[in-house]
Amino acid sequence: MTLYDAIFERHSVRKYENKPVEPEKAAVLQAKIDEINEKTGLSFSLCLDEPEAFMANKPSYGSFAGCRNYFVLAAGKGRDEDIGYYGEELVLLSQTLGLNTCWVALTFEKNKVPVTLKDGEKIYDVVALGYGQNQGVPHKSKPTEKLYRAKGELPDWFMKGMEAAALAPTAINQQRFIISYDKGKVSAKALLGPCSKTDLGIVKYHFELGAGKDNFVWEEK
Ligand SMILES: Cc1cc2nc3c(=O)[nH]c(=O)nc-3n(C[C@H](O)[C@H](O)[C@H](O)COP(=O)(O)O)c2cc1C
């Protein structure tokens, strides 16, 4: 399974089997984390067999059950979009390894996460990880026409990018983003909403995989 294929397979999963992540798979994920941290200055980490953050003294918390593994996505201030972009790389990589995930901004216990942050860093999100009791379900999406604005004739690659963007996970499934095409120039903007800047990074990562990175560069908005 490629990262692109994973876009179509991935859905948020909140109930997990009591089955550990194999050391070989954990090593692949850790290597990607090390590469991302090195390249970007983000502070991502992988917590394995650490049920506390999803327990709140009960076997299930929020709508989560059995979650014992997660990625911690931490960084200094103002890195929301990068958190989304690189976090989604880990999400889709996990899916290619047959693992399920769910982005989590709220429904976990931040003070139970066993990581030491550097000065000025904070935990933006965690991503639940493991073998799901199910594979999740496709989310309801806005019609694709509501997610982009276009001037001029649209190339096929743009529409493939939009298809991938519409499948991106967003907080509360809000899809508060707009991708614009203006005679070959592509840009993306977050609309107002909780976590919408993180969502934008996730959406851009999906769009690139769908459209093909060689076909365009992002214009600043
Ligand atoms: C930045 C972000 C934060 C999220 N926070 C939570 C959360 O706190 N609790 C939760 O149950 N789901 C959370 N989600 C999962 C979304 O509800 C889910 O991605 C969305 O409904 C779309 O469904 P899908 O991921 O199955 O496509 C979050 C998603 C994102 C992208």
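## Two domains and their contact

In this predicted model, the centres of domain 1 and domain 2, taken over C-alpha atoms, are separated by 23 Å. The domain assignment places domain 1 at residues 3–130 and domain 2 at residues 144–214. Where they touch, domain 1 contributes 17 residues and domain 2 contributes 15.

Let's look at the domain 1 side of that contact. At least two residues each come from α1 (3–9), α3 (80–96) and β6 (122–130). Helix α3 has the largest share, with eight residues. Sorted by class, this side of domain 1 holds nine nonpolar, six charged and two polar residues.

## The shell around the ligand

If you are interested in the ligand, here is what surrounds it. The shell consists of 23 residues, and the closest of them are Ser 12, Trp 103, Leu 106, Pro 169 and Asn 173. Two elements give two or more residues to this shell: strand β5 (100–104) and helix α5 (196–211).

Both domains take part, since domain 1 and domain 2 each supply at least three residues of the shell. As for its chemical make-up, the shell has 10 polar and 10 nonpolar residues, along with three charged ones.

## Helices α2 and α3

Helix α3, already met at the domain contact, also packs against α2 (residues 23–40), with the two axes 10 Å apart and at an angle of about 160 degrees. That angle makes α2 roughly antiparallel to α3, because angles over 145 degrees count as such. The crossing of this pair is right-handed.

On the α2 side, the contact is made by Leu 29, Lys 32, Ile 36 and Thr 40, while α3 brings Asp 82, Tyr 86, Glu 89, Leu 90, Leu 93 and Ser 94. By class, these residues divide into five nonpolar, three charged and two polar.

## Helices α4 and α5

Now to α5, which we saw in the ligand shell. The axes of α4 (residues 156–166) and α5 come within 7 Å and cross at roughly 140 degrees, which means that α4 is oblique to α5. This crossing is right-handed.

Which residues of α4 and α5 meet? From α4 come Trp 157, Phe 158, Lys 160, Gly 161, Glu 163, Ala 164 and Ala 165, and they meet Val 203, His 206, Phe 207, Leu 209, Gly 210 and Ala 211 of α5. The contact of α4 with α5 has eight nonpolar residues, three polar and two charged.

Notes
Residues are numbered from 1 along each chain as its sequence is written. This is a predicted model: local features need pLDDT of at least 70, side-chain atom pairs count only at pLDDT 80 or more; totals for chains, interfaces and linings use all residues. A residue is near a molecule or strand if its C-beta atom, placed from the backbone, lies within 6 Å of it. Helices (H or I, at least four residues) and strands (E, at least two) are DSSP runs, numbered from the N terminus. Ala, Val, Leu, Ile, Met, Phe, Trp, Tyr, Cys and Pro count as nonpolar, Asp, Glu, Lys and Arg as charged, and the others, Gly among them, as polar. Domain bounds come from an automatic or database domain assignment. Two residues are in contact if their C-beta atoms, placed from the backbone, lie within 7 Å. Axes are lines fitted to C-alpha atoms, for helices over the stretch in contact, and angles run from 0 to 180 degrees between N-to-C directions. Angles under 35 degrees count as roughly parallel, over 145 as roughly antiparallel, 65 to 115 as roughly perpendicular and the rest as oblique. A crossing is left-handed if the near helix is turned anticlockwise from the far one by less than a right angle, and right-handed if clockwise.
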